[in-house]
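Me: I'm new to this one and would like a close look at a single part: the rings, and what sits against them. Could you walk me through that, and then show me what lies around it?

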Amino acid sequence: MKKTLLSLKNVSKAFAGKTVLDSLDLDILDGEFITLLGPSGCGKTTLLRLMAGFEQPDVGSVTLSGHDITHTPPEYRPLNTVFQNYALFPHMSVYDNVAYGLKMEKRPKGEIRQRVDEVLAMVQLQDFARRKPHQLSGGQQQRVAIARAVVKRPQLLLLDEPLSALDYKLRRTMQVELKRLQRELGITFVFVTHDQEEALSMSDRVVVLKEGEVQQLGTPREIYERPANLFTARFVGETNLFPGYLDSVAADTITVDILGVSRKLQKPAFAVRNGEQVNVLLRPEDIRVLAPEDEHGLPGKIVERNYKGSTLDSVIHLEDGTEVLASEFFDEDDPTFDYKLGEPVRVSWVDGWEWLLPVELEPVAEEAEGLVADA
Amino acid sequence: MTRWLPRTYLALVYLLVYLPILVLVVFSFNESRTGYSWEGLSLRWYESLFNNRAMVGAMWNSLWLALSAATVSTVIGGLTALALHRYRFRGKKLLNGMLFVVMMSPEIVLAISLLALFLLVGLQLGYVSLLLAHVTFCLPFVVITVMARLSGFDDSLPEAARDLGASDFTMTRTVLIPVIMPALLAGWLLGFTLSLDDVVVSTFVSGPSYEILPLRIYSMVRVGLKPEVNALGTLLLVFSLVMLMLSQWILIRSKR
């Protein structure tokens with residue numbers, strides 16, 4: 001059992017009357033890679049700034065290893081930040097940028113030199129020590145920013161969308177690099193992003209935020225496979241949503257009518273009653289596209305096919321107009337695999353792969369926000 | 001046909017601007033006493049200039065005044081710009097607007113009002129009154145120059161410095177001031193030149209105890225121009241060219 005390093009208790013923050021964080025609780029464990037994920041304006045950056053000390057909560061407390069640091073200025077907090085735009089000092093060389101934090105600690109010259117050289121070697125920039133930040137590429141500047149923050153050996157490293165300015169390929173490389181660094185240094189990483197793919201692939205745990213409230217906290221797998229609510233389900237990955245009507249409830253199974261097809265499903269964790277409606281969630285990769293003569297599944301027809309290399313993505317319109325996304329791996333032995341546009345098919349899934357959620361009253365705005373975030 | 005027209009026009013413009021200056025430089029090396037005809041190369045007017053005690057004294061006074069006025073206005077103006085950039089406070093817009101009022105108002109108005117003020121408080125006209133007046137009209141230029149630099153300033157830089165363990169003061173010393181240094185220098189140079197060649201305001205607020213160069217030259221012109229003035233003009237020209245090159249060099253070097 002890992003111990004808690006940083007703890008936020010009942011934290012609220014408002015800017016000009018607008019609530020950004022609403023009585024939020026969060027415990028960050030020692031040594032973990034935790035990601036704050038959410039659409040823009042969800043409060044993730046504010047949360048990070050509260051940890052760094054650039055902002056102070058209106059209510060609540062921030063505790064680091066048992067010490068209250070709620071009102072401690074940033075220079076006295078044993079944690080460092082990697083800024084979104086890197087914030088390298090333009091008038092200093094790479095070496096001086098990295099050495100800055102150690103000079104502030106008044107370390108002896110020899111030690112500074114050794115530690116800066118060490119950390120520059122770690123990010124593979126030892127040959128660039130004399131350069132000025134503007135003489136470096138985006139990826140190199142990013143590595144300087146990381147080196148400058150980790151050279152102080154902080155207990156906690158805060159990263160504010162550090163990869164958002166990089167192109168796709170470099171982003172990928174840096175993701176791997178960051179993971180490697182985190183393993184080598186054993187420092188706790190708090191990573192802020194709006195990119196769900198990045199969050200899933202890098203984190204030990206993910207915090208999904210919306211309008212200043214934690215929607216779900218869990219491992220990437222929990223977040224993806226067992227979303228706590230519709231927002232998380234839609235924000236993290238693509239999802240198909242079917243309305244289901246409960247026909248009967250047994251000890252640990254329920255019978256649900258999904259668009260006219262009756263399926264026997266595992267009883268969910270939340271309370272269900274006969275006649276109620278539930279949401280049946282299925283990820284595109286859980287969907288099976290079957291031949292039209294198959295007796296299972298819901299009838300529909302193919303309206304779009306997208307070849308994605310390793311997968312084939314289809315959009316299927318069911319008879320009642322519901323749109324279903326399906327993502328299938330190639331199976332060259334399956335003769336019926338390649339359907340044409342407009343061809344009738346049936347969609348189904350393996351029992352137990354569905355995920356049930358209670359029906360939520362959802363405001364219209366929420367859907368729009370989810371869509372923006374996906375883009 | 002269409003090609004030489006703009007070129008001739010351009011040449012004419014440049015000729016008009018630079019010919020008088022060229023004539024001044026050439027005639028500063030003229031042996032002639034009258035300055036209307038060429039009588040051979042000589043450095044006599046430079047010699048006579050340096051032997052003119054009152055003139056050299058006025059030059060030193062002017063340089064000292066410009067130096068101190070530029071420095072004082074850079075310090076005050078730099079701090080004002082920082083405050084305007086960093087803090088939100090009541091009357092911020094008013095303060096900003098007042099700076100422009102000083103810059104836009106006719107010099108004669110400024111001169112009269114400053115004189116009235118100095119007389120009212122009983123300040124003896126001399127170095128101090130000149131310094132106060134010069135700082136007044138240099139200040140808005142410094143503030144605007146520094147503000148321009150600060151508007152492109154990345155606000156996460158101070159935060160990064162604080163995050164790395166710098167106190168507010170250390171951050172200002174090691175990050176903020178070095179980053180806005182080119183603007184401070186540019187503001188200083190601007191203030192220096194403004195102060196050095198100011199006539200209108202200085203005429204009103206200077207006293208007999210402290211004579212400055214522009215006023216000295218002005219009074220000489222009235223009693224009859226000696227070619228010494230050409231020599232002085234040439235020296236000032238060289239001096240301002242050096243300053244200009246220096247400021248350009250600083251700007252280029254600081255370009256990112």
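Reply: Start with A:Arg130, which lies over the face of A:Tyr95, at 5.5 Å from the ring centre. Keep in mind that this is a predicted model, so the positions here are computed ones. Chain B has a charge over a ring too: the charged end of B:Arg44 sits over the ring of B:Trp45, 4.3 Å from its centre.

Rings also meet other rings. Over all chains, the structure holds twelve aromatic pairs. One of them is B:Tyr14 with B:Tyr18: the ring centres are 6.0 Å apart and the planes are at 15 degrees, so this pair is stacked, since planes under 30 degrees apart count that way. Both tyrosines belong to helix H1 (residues 4–28) of chain B, and because they are four residues apart there, about one helical turn separates them. B:Tyr18 is partly exposed, at a relative accessible area of 46%.

Now compare B:Tyr127 and B:Tyr210. Their ring centres are 5.2 Å apart, but the planes are at 55 degrees, so the pair is tilted. This one links distant parts of the chain, with the two positions 83 residues apart. B:Tyr127 is in helix H6 (residues 127–151) of chain B, while B:Tyr210 is in the loop between helix H9 (200–205) and helix H10 (213–223) of chain B. What about their surroundings? B:Tyr127 is partly exposed, with a relative accessible area of 23%. B:Tyr210 counts as buried at 11%, because the cut-off for buried is under 20%. Back in chain A, ring pairs join A:Phe33, A:Phe189 and A:Phe191 into a cluster.

The loop with B:Tyr210 runs up to helix H10 of chain B, so let's follow that helix next. H10(B) packs with helix H3 (residues 53–86) of chain B at an angle of about 145 degrees, and the two axes are 8 Å apart. On the H3(B) side, the residues that meet the partner are B:Ala54, B:Met55, B:Ala58, B:Met59 and B:Ser62. On the H10(B) side they are B:Leu213, B:Pro214, B:Arg216 and B:Met220. Sorted by class, that contact has seven nonpolar, one polar and one charged residues.

Step back and look at chain B as a whole. You'll find eleven helices and zero strands in it, so read along the sequence the pattern is α-α-α-α-α-α-α-α-α-α-α. Its C-alpha trace spans about 70 × 60 × 35 Å along the principal axes. Of the 256 residues in chain B, 39% count as buried. Take the contacts in chain B between residues at least 6 apart in sequence: 72% of them join residues at least 24 apart.

Chain A has some loops to look at. A:Ser65 is in the loop between strand S4 (59–64) and strand S5 (67–68) of chain A, and its phi is near 45 degrees, a positive value in a residue other than glycine. A:Leu259 also has a positive phi, of about 45 degrees, although it is not a glycine. You'll find A:Leu259 in the loop between strand S12 (253–258) and strand S13 (261–266) of chain A. Why point these out? Most residues other than glycine have a negative phi. A:Ser65 is partly exposed at 40% relative accessibility, and A:Leu259 is partly exposed at 31%.

Another loop, between strand S15 (287–290) and strand S16 (298–307) of chain A, holds A:His296. A:His296 counts as partly exposed, at 48% relative accessibility. Leaving out residues up to four places away in sequence, A:His296 touches A:Leu290, A:Arg346 and A:Ser348. Measuring C-alpha to C-alpha, A:His296 and A:Ser137 are 55 Å apart in space, and they are 159 residues apart in sequence.

Last, a word on confidence in chain A. The mean pLDDT of chain A is 87, and 94% of its residues reach 70 or more. Among its elements, helix H2 (residues 94–104) of chain A has the highest mean pLDDT, 95, and helix H9 (residues 364–374) of chain A has the lowest, 45. Over residues 365–375 of chain A, pLDDT stays under 50, and the model has ten contacts beyond four places in sequence for that stretch. Where pLDDT is low, the predicted coordinates should not be read in detail.

How values were computed:
Residues numbered from 1 in each chain as written. Chains lettered and ligands numbered in written order. Predicted model: local features only at pLDDT ≥ 70, side-chain atom pairs only at ≥ 80, totals over all residues. Heavy atoms only, no water. Phe/Tyr/Trp six-rings, centres within 6.5 Å; stacked < 30°, edge-to-face > 60°. Buried < 20%, exposed > 50% of the residue type's maximum accessible area, 1.4 Å probe, protein only. Lys NZ or Arg CZ within 6 Å of the ring centre and 35° of its normal. pLDDT = per-residue confidence, 0-100. Contact = heavy atoms within 4.5 Å. Axes fitted to C-alpha atoms, helices over the stretch in contact; angles between N-to-C directions. Nonpolar A, V, L, I, M, F, W, Y, C, P; charged D, E, K, R; others polar.
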